[in-house]
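Work through the exercises below with the sequence and the model open. Try each task before reading its solution.

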Amino acid sequence: MTENPALSNLSHETRHFDPPEELAEQANVGEDAYDEAAADPLVFWETQAERLEWAQKWDTALDWDPPFAKWFVGGSLNVAVNCLDRHVAAGRGDKVAIHFEGEPGDKRSITYAELTAEVCKAANALTELGVQTGDRVMIYLPMIPEAAISMLACARIGAPHSVVFGGFSPESLRNRIDDCGSKFVITSDGGYRRGAASALKSNVDAAADADGSPVERILVVRRTGQDVDWNPDRDLWWHDVVDRQSDRHEAEAFDAEHPLFILYTSGTTAKPKGILHTSGGYLTQTSYTHHAVFDHKAETDVYWCTADIGWVTGHSYIVYGPMSNGATQVMYEGTPDTPHQGRFWEIVQNYGVTLLYTAPTAIRTFMKWGAEIPSEFDLSSLRLLGSVGEPINPEAWMWYREHIGGDNCPIVDTWWQTETGGIMISPLPGVTSTKPGSAQRALPGISADVVDESGQPVPNGGGGYLVLTEPWPAMLRTIWGDDERFKETYWSRFSKQGYYFAGDGAKKDDDGDLWLLGRVDDVMNISGHRISTTEVESALVSHPKVAEAAVVGATDPTTGQGIVAFVILRGGNDEEGADLVKELRNHVAKEIGPIAKPRQIMIVPELPKTRSGKIMRRLLRDVAENRDLGDVTTLADPTVMNMIGDGLKSDKPSAEE
C-alpha cells in the first residue's frame, strides 16, 4: 500500500488537548463504556438498543452468518415513531426540531409536534398515491425540511427510500431509479445555490422519460417558483396532495431487519453500489453515536451538521441519529459563501449553535478565506466541533480549534462510511486527549484494526489496511440485488480472517492511535464525496472526441483529492487547448454531476502502459502530485512519462471554470 506522503510522519505528533474539565465531569459517556463493551459487546449493544422504543423486544441480539448479519432478531419498531411521536408523547412537542435557513434568507422553525403532523400527512399522501410497504421511493430534493419529512414518511410506512444528491445528473439519477426499480420520485421545481435557482424537476423528467423507466408518479415540492414542464398523468404538486391530508397516521411496527433505505455510492466499476441499511441496528447505532460522540444534551444543545441529506452523513447525523435523540438542529440550504463568506458563522451566531459537524474541505476553504471572517461573529456558543468525510490534516485541525472553537472546544474527528451506517472511530469528547488530525480509536462496541497484506495486525508505528474485525449494528446488509458483489467488494480481500475491508489505509502511531490515510483503491474522495475513477473515465470516453482516458485522484489542499484526467483524442481530432479542456470538463459534469468535474485534463499522445496493456495509474498519480517517478522499466514506452510530466506543468486549467 502506498501511504499518503502528507501523513507519513504522524506517528510522532506530540500536541494533545485534554477535554475541558466541565465537559469531562458532565459527559454523556465516560471511560467505563470501553470496559463495558469489551466485557460483552452484544450486551453493550442491547443496552444501547434499549434507548429506543420497541413495539416488540428482540429474542436474539445478533444472528451472524458471515458476511450476513441480522441484529435484534425478532424485535420490531417504527423508526419514524422513535424520531418523532415518542418525543411528542413525552411532552416535548413544543421543542424546535428544525431551524431552517434558506439560502435567500427565508426561515422556518418547526417543532416536533409540527414535524410529526407533516410527516403523518406525507405518509398519508404516499399511501394515497399507491406506495406500499417495501416499495422504493426515490428522493431528489434540495436541503429543505421536505427532504427530512419525505424520508421519515417513507420510514413510517415501511417504504425504503433512496435519496440522490441534487448535484447528480439525469443519467446518474436514472441509473439509480432503474437499479432499485423505483416507481415513485419526490423532487422539487428546484433549489437555491450560490444566489440562483437551480433546476431539479427537469433532471427527473429526463430520467423518467427514458425508455423503460419504472417511474409512475412524481411528487413535486414548489421551492423556487420557476416554470417546469408538467405531465398531468404523472406529476403532482406536493401542496395539492400533502396539504389536504389528515395529520394523524397510525404507524405500523416493522421487523428490525426491515429495509430502511438504499443509498448509492461509487464503486470500482462504473455501476454505483446500492448500499442497503435496515431499521433496528442502524437506528440503535446512529442514535447512540450521536449521543456519545457529540455529547448531545437535548435540553440545551443546538446542533448543526452542514452535510447534504443526499449523503450518508445527512441520513445518519441530520435525520435519524439527532431526531431519535430529540435534538434541536439547524438545516441550511445553501453554500458557505452566499451571500457572503461569513454565512456559516452568522448562522452559528444567530441560532446559538453549540455542536458543529462539518468537513475538512470546508475548513480548508475557510482557512483560505482568512481568520478575520469568523472573527467578526460571536462563536462563543460553540462547545464541541466535529469533522467528517475525509482525513483532516493537522494544520486544518489546529485552525478549526483556534479560530472556530476559541481554543476550548474538543474536536471529534470521525471515521465511518456509507457502508458502516454510523460513526466507527472517533474521540469521545469527555474522555479522549485529542491529537490534531487523528481519529484515535474505535468507539465502544466497535472492533477495528490495521493489518498488513497478509491480514496480520501491524505494530504501533506501522501502516496498512483498515479493517473491521467484528459485526456492528449499523452495518450494511448487502448491495441491493447483488449479494455476490457485496461479498466480493467488502469481504474477499481478507476472507481468511473474516474481516470487512473498508477500502481505506490507516496508520497506528506510537500510542496505538489511528490516523486515516485515505483510499487505497480506485475510488477518489472529492470534498468527502466518493467518485469512482471508472465512472469519470467512462464519462470522458463517451465524448465523441475522446478515444481513451485514465483518471487519478491527486492530493488537493482544498478538496482532499482533485480529479486529474489524462486523455487521448480520437483519430482526426488533434485539437488542444483551453476550449477543448473546458468542453471535456463540462461533459463530465453533465454525465455525472458537477462534483465529478476534473480539476485538470491533459491531452496526451499516449498513456503509460505495461507491455501487457495495463495502464500504470501509479505513475500518473506521481506526475499529478509532482513526485519523482518510480520504476518505469516495465512500460512499453518509458519516454511517454516525460511528455506527460512536461505537459501537465504547463496546463493547469482552473477548477472554477
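## Exercise 1: two helices in contact

Helices α11 and α12 are roughly perpendicular to each other, because angles of 65 to 115 degrees count as such. The model is a predicted one.

**Task.** Find the angle and the axis separation for α11 and α12. Then list the residues that meet, and sort them by character.

**Solution.**
- Step 1. Locate the helices: α11 covers residues 280-293 and α12 covers residues 312-324.
- Step 2. Take the geometry. The two helices pack at an angle of about 85°. Their axes are 8 Å apart.
- Step 3. Collect the α11 side: Y282, L283, T286, S287, T289 and H290.
- Step 4. Collect the α12 side: H315, S316, Y317, Y320, G321, P322 and S324.
- Step 5. Sort the contact residues. There are 5 nonpolar, 8 polar and no charged.

## Exercise 2: enclosed space

**Task.** How many cavities of 30 Å³ or more does the structure hold? Describe the largest and the second largest.

**Solution.**
- Step 1. Count them: there are 4 cavities of 30 Å³ or more.
- Step 2. Start with the largest cavity. Its volume is about 60 Å³.
- Step 3. Trace the lining of the largest cavity. L77, N78, V79, C154, A155, G158, A159, F254, H258, P259, L260 and S279 form it.
- Step 4. Assign elements. Two or more lining residues come from α7 (145-157) and likewise from β14 (259-265).
- Step 5. Classify the lining of the largest cavity: 8 nonpolar, 4 polar and no charged.
- Step 6. Move to the second largest cavity. About 50 Å³ of space lies there.
- Step 7. Trace the lining of the second largest cavity: I139, L141, P142, M143, A147, M151, V163, V164, D308, I309 and G310.
- Step 8. Classify the lining of the second largest cavity. It divides into 9 nonpolar, 1 polar and 1 charged.

## Exercise 3: a pocket

**Task.** What is the volume of the second largest pocket, and which residues are the closest to its centre?

**Solution.**
- Step 1. The second largest pocket has a volume of about 350 Å³.
- Step 2. It is lined by 22 residues, and L443, G445, I446, S447 and A448 are the closest to its centre.
- Step 3. Elements giving two or more residues to this lining are α2 (32-39), α3 (41-49) and β21 (448-451).
- Step 4. By character, the lining residues are 15 nonpolar, 3 polar and 4 charged.

## Exercise 4: single residues

**Task.** Is P160 buried or exposed? Where does P160 lie, and what does P160 touch?

**Solution.**
- Step 1. P160 sits in the loop between α7 and β7 (161-163).
- Step 2. Its relative accessible area is 2%, so P160 is buried.
- Step 3. Leave out residues up to four places away in sequence. P160 then touches G134, D135, R136, V137, P259, L260 and F261.
- Step 4. Return to the cavity. P259 and L260 also belong to the lining of the largest cavity.

**Task.** Place H587, N124 and V523 in their elements. Are they buried or exposed?

**Solution.**
- Step 1. H587 lies in helix α18 (residues 578-591). Its relative accessibility is 14%, so H587 counts as buried.
- Step 2. Beyond four places in sequence, H587 touches A539, S542 and H543.
- Step 3. N124 belongs to helix α6 (residues 112-128). The relative accessible area of N124 is 16%, so N124 is buried.
- Step 4. Setting aside neighbours within four places, N124 is in contact with Q245, S246, R248 and H249.
- Step 5. V523 is in strand β26 (residues 523-526). At 3% relative accessibility, V523 is buried.
- Step 6. Check a distance. The C-alpha atoms of V523 and M331 are separated by 29 Å, with their positions 192 residues apart along the chain.

## Exercise 5: buried helix residues

**Task.** Which residues of α16 and α19 are buried?

**Solution.**
- Step 1. In helix α16 (residues 483-491), the buried ones are R485, F486, Y490 and W491.
- Step 2. Their cover includes β1 (60-65), β2 (68-73), β15 (273-278), β23 (478-479) and β24 (500-508).
- Step 3. In helix α19 (residues 617-624), L619, L620, D622, V623 and A624 are buried.
- Step 4. Look just after α19. There N626 takes a positive phi of about 60°.

Key:
Residues are numbered from 1 along each chain as its sequence is written. This is a predicted model: local features need pLDDT of at least 70, side-chain atom pairs count only at pLDDT 80 or more; totals for chains, interfaces and linings use all residues. Side-chain values use heavy atoms; hydrogens and water are left out. On a 1 Å grid over the protein atoms alone, a cavity is a set of points where a 1.4 Å probe fits but cannot get out, and a pocket is an open set with protein on both sides within 12 Å along at least five of seven lines; lining residues have an atom within 4 Å of a point. Grid points are joined across faces, edges and corners, and a volume is the space filled by probe spheres set on the points. Helices (H or I, at least four residues) and strands (E, at least two) are DSSP runs, numbered from the N terminus. Ala, Val, Leu, Ile, Met, Phe, Trp, Tyr, Cys and Pro count as nonpolar, Asp, Glu, Lys and Arg as charged, and the others, Gly among them, as polar. Axes are lines fitted to C-alpha atoms, for helices over the stretch in contact, and angles run from 0 to 180 degrees between N-to-C directions. Angles under 35 degrees count as roughly parallel, over 145 as roughly antiparallel, 65 to 115 as roughly perpendicular and the rest as oblique. Contact means heavy atoms within 4.5 Å. Buried means under 20% relative accessible area, exposed over 50%, partly exposed in between (1.4 Å probe, protein chains only).
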